[in-house]
Each structure stands twice: as C-alpha cells, then as structure tokens.
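Reader: Please show the model and its sequence. Then take me through the charges, the overall dimensions and the interior.

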Amino acid sequence: MSEYLLASDFDNTICFWSDIGRIYDEDRRAIRRFREAGNKFVVVSGRSYNSAIEVFNEMDFHDMDLFVLMSGAYCAYPDETPVYDIRISTESLSELCEFFRSVKGRYLGLDIGKLSLSVDIGGDEQPMDTISLEEAMKYPTYTSINVGFGSREEAAEVTRKLEKGYAHIITPLQNNRAIDMPPAGMDKAVAVGRVAKMYGIENEKIYTVGDNYNDMRMLSAYHGNAMANGPEAVWQSAERKVYRISEVIDRIMSL
C-alpha cells in the first residue's frame, strides 16, 4: 500500500510558462524522490487529452503514476491506457450551446475522450476547423466542454449563472478566462478521491497542489497547497501557500 498521494495541477504549478515553459530540475528530482519512496504522484489538469500529451512530450515530463484531465472527467496511466472516461449525453449540448451564444462565449471546445473538437457558437475566437452543432450532435456522448471569454470577470459571472441553471448537467469550474465543464458530479476533488480509493490511500494522507480557480475544490477537500502565483481566492481555499511543488514534497517526506 502506498504511503501518500500527491495530486498536482500542471500549468503554472509544475510547468511555469512565464519562465519559458520551464520545469525546475529541483522539482523533477523531488517528484522522482517522492515516487521512489513508495508514494503516488498524479497530475490533475484542466487540459484536453491531446493538449496534455503534447505538453508532457514537449517538456519530457512523464514521472507520474496517473494523469487526470478535463478537470476530473478523464484518467489514464502514463502509457495512455485509460482508467476511466466519464461521459454525458449530447442531448444536453444544444441547450448549453444556445446559452453560450447568449452570453457571447468566444469559442466552445468539445472533448470526447481523446478527441477534441470546436463547436460553432458564433464566437470570435473559433478555429478554422469548427464544426456545426448538428455535426457535434452526431456523437452520442461527450466527456467535457470548455468555453472561453474575454476576461476573468466575465468567466466568473458566467460560472455563477451556470451553477444556478445547469449544475444538473455539468460542473462549471472557472479556469482563468475560460470555464471547464466536466459532467455533473465530477471535478478535480472527486477525481482525486477516486484515485486514492484505487490505491487504498486514506484521506489524511492526500495532499494537493494548484494555482487556479478550478483547483479550489481539490485544495479544500484535502491537504491543500496553493501556489503563490495564483489568485488570493485560491490561497484561501488551501492550508498553505507555497512557491514550488518541491516545498510540498519536502514537507510530506519529513512527516
């Protein structure tokens, strides 16, 4: 049985894009040391499948036991073998697309397991290969959606509206200027609980690290460590504020 579980966000928690996409060597060594001691390390990200695989390969970062994507909806082993893929019926997509048109969403990303598509909502940041809603509805289920806005404030306001009117369909989680939406009942905290159960790790031995609004449930549910580069609201959801993931690992290893 593993001793501890550390679940960490990736962007601006492990990999710092403001520092030219850098993963610090000290953090790489700390993660390796943590796992070699018999603990489990899991990346928990809002990224889509292809986006995550691309950045893991680009950064040559594969030192993990599992990765969880789409803010909790999809989980796989480092060799890309799926662990779970939580889906929702595309019957809900028409209503959601109409809502996002009404609030002037800039784009809508649709994730169906490993497949990522862009669906037309009339926004001004849609990629060239955007498909129509009718084409998207041909898929019976989807894993997650992501919608972008012009500012954090706009994304926060729409998140509140979604919580009031659509929480029975999706879990709205603000992610800077975007909103991640795994199926209702799923988020990063729920995903970490599922992973811990897989490994037989008790809640008091689960530690989490993150920097963004979509990490807050995960940080408050377990021993949360909020990155200092994140918003103050994220700090308040955690037990501690930290600057690097190696700090968290050093603390756990000293217990």
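**Charges, dimensions and cores**

Reader: How far apart are the mean positions of the positive and negative charges of the chain?
Author: Lys and Arg count as positive and Asp and Glu as negative, with His and the chain ends not counted; each charge is placed at NZ of Lys, CZ of Arg, CG of Asp or CD of Glu. For the 28 positive and 40 negative charges of the chain, the mean positions are apart by 3 Å.

Author: This is a predicted model, in which local features need pLDDT of at least 70 and side-chain atom pairs pLDDT 80 or more, while totals for chains, interfaces and linings use all residues. Residues are numbered from 1 along each chain as its sequence is written, and side-chain values use heavy atoms, without hydrogens and water.

Reader: What radius of gyration does the chain have?
Author: The radius is taken over C-alpha atoms, and the globule rule is 2.2 Å times the number of residues to the power 0.38. With 255 residues, a compact globule would be near 18 Å, and the chain agrees, at 18 Å.

Reader: Which helix gives the most to the largest nonpolar core?
Author: A nonpolar core joins buried Ala, Val, Leu, Ile, Met, Phe, Trp, Tyr and Cys residues through side-chain atoms within 4.5 Å, buried being under 20% relative accessible area with a 1.4 Å probe, protein chains only. The largest has 34 residues. Helices are DSSP runs of H or I, at least four residues, numbered from the N terminus; with five residues, the one that gives the most to this core is helix 2.

Reader: Is L162 buried or exposed?
Author: L162 is found in helix 5, residues 152-165. Its relative accessibility is 0%, so L162 counts as buried.

Key
Buried < 20%, exposed > 50% of the residue type's maximum accessible area, 1.4 Å probe, protein only. Helix = DSSP H or I, 4+ residues; strand = E, 2+ residues; numbered from the N terminus.
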